[in-house]
Amino acid sequence: MPELKRLHASHAPAVLDFELSNRAYFAASVSDRGDDYFEQFTDRYNALLAEQEAGGCAFYVLLAEDGSVLGRFNLVNIENRTAELGYRVAEHAAGRGVATETVRELCRLAARRHGLRVLRAATSHQNVASHRVLTKSGFVPIGPADPADLGGKPGTWYQCDLVTLRAQGLSSGSGASPA
């Protein structure tokens with residue numbers, strides 16, 4: 001069974017493999033990370049770990065039983081009990097509910113472990129799967145996203161009130177979806 005783990009230095013090889021193996025798949029719906037990302041991976045990865053240690057972000061990996069990365073789920077710009085959610089799931093795991101279940105789990109962790117009350121996420125209009133994941137996880141559209149936030153693509157910002165979500169029991173993995 002897949003397990004959501006806080007990003008650790010030991011995950012670096014599996015994260016790099018995940019990013020390289022899924023690069024073309026990701027580029028179809030989000031901006032490509034570019035060659036510099038891969039050429040400077042170790043330095044960038046260490047910077048992420050330092051940022052996480054400082055408390056401004058919380059990075060997670062969804063690990064398969066064999067230790068490979070099925071997805072990355074991040075809470076960034078943590079401030080005033082609010083954060084932005086970002087995630088990506090491996091092509092071979094897409095379409096099976098992995099993202100939805102893991103976003104729901106991360107919502108619970110965001111409230112319980114990180115003391116967050118609100119999560120925000122932006123997705124491009126063309127990324128229909130991400131829109132579906134967010135709405136199934138209790139996020140509601142709150143307005144247009146600046147294309148600069150989405151690699152030049154128009155999109156929508158979503159928001160999730162974690163306090164309300166918890167009170168309604170929607171983050172419990174019950175499969176319920178908001179009205």
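This is a short tour of the empty spaces in a predicted model, from the pockets to an enclosed cavity.

**Stop one: the largest pocket.** Start by selecting Val30, Gly86, Tyr87, Arg88 and Ala122, the residues closest to the centre of the largest pocket. The space around you here is about 1400 Å³. Now widen the selection to the full lining, which has 43 residues. Colour them by class and you should find 21 nonpolar, 12 polar and 10 charged. To see which elements frame the pocket, show helices H2, H4 (41–54), H5 (98–112) and H6 (128–136) along with strands E3 (69–79), E4 (82–89) and E5 (118–124); each gives two or more residues to the lining.

**Stop two: the second largest pocket.** Keep H5 on display, as this helix also gives the most to the lining here, with five residues. Strand E1 (3–6) is the other element that gives two or more. Select Met1, Pro2, Glu3, Leu4, Leu62, Val98, Glu101, Thr102, Glu105 and Arg108 to see the lining. The pocket's volume is about 200 Å³, and its lining divides into five nonpolar, one polar and four charged residues.

**Stop three: the cavity.** How many cavities of 30 Å³ or more does the model have? The count comes to one, with a volume of about 50 Å³. Select Glu19, Arg23, Phe26, Ala27, Val30, Ser31, Asp32, Arg33, Phe38 and Arg88 to bring up its lining. Helix H2 (residues 23–27) supplies the largest share, three residues. Colour by class once again: five residues of this lining are charged, four nonpolar and one polar.

Key: Residues numbered from 1 in each chain as written. Predicted model: local features only at pLDDT ≥ 70, side-chain atom pairs only at ≥ 80, totals over all residues. Heavy atoms only, no water. 1 Å grid on protein atoms, 1.4 Å probe; cavity = no way out; pocket = protein on both sides within 12 Å on 5 of 7 lines; lining within 4 Å. Points joined across faces, edges and corners; volume = space filled by probe spheres on them. Helix = DSSP H or I, 4+ residues; strand = E, 2+ residues; numbered from the N terminus. Nonpolar A, V, L, I, M, F, W, Y, C, P; charged D, E, K, R; others polar.
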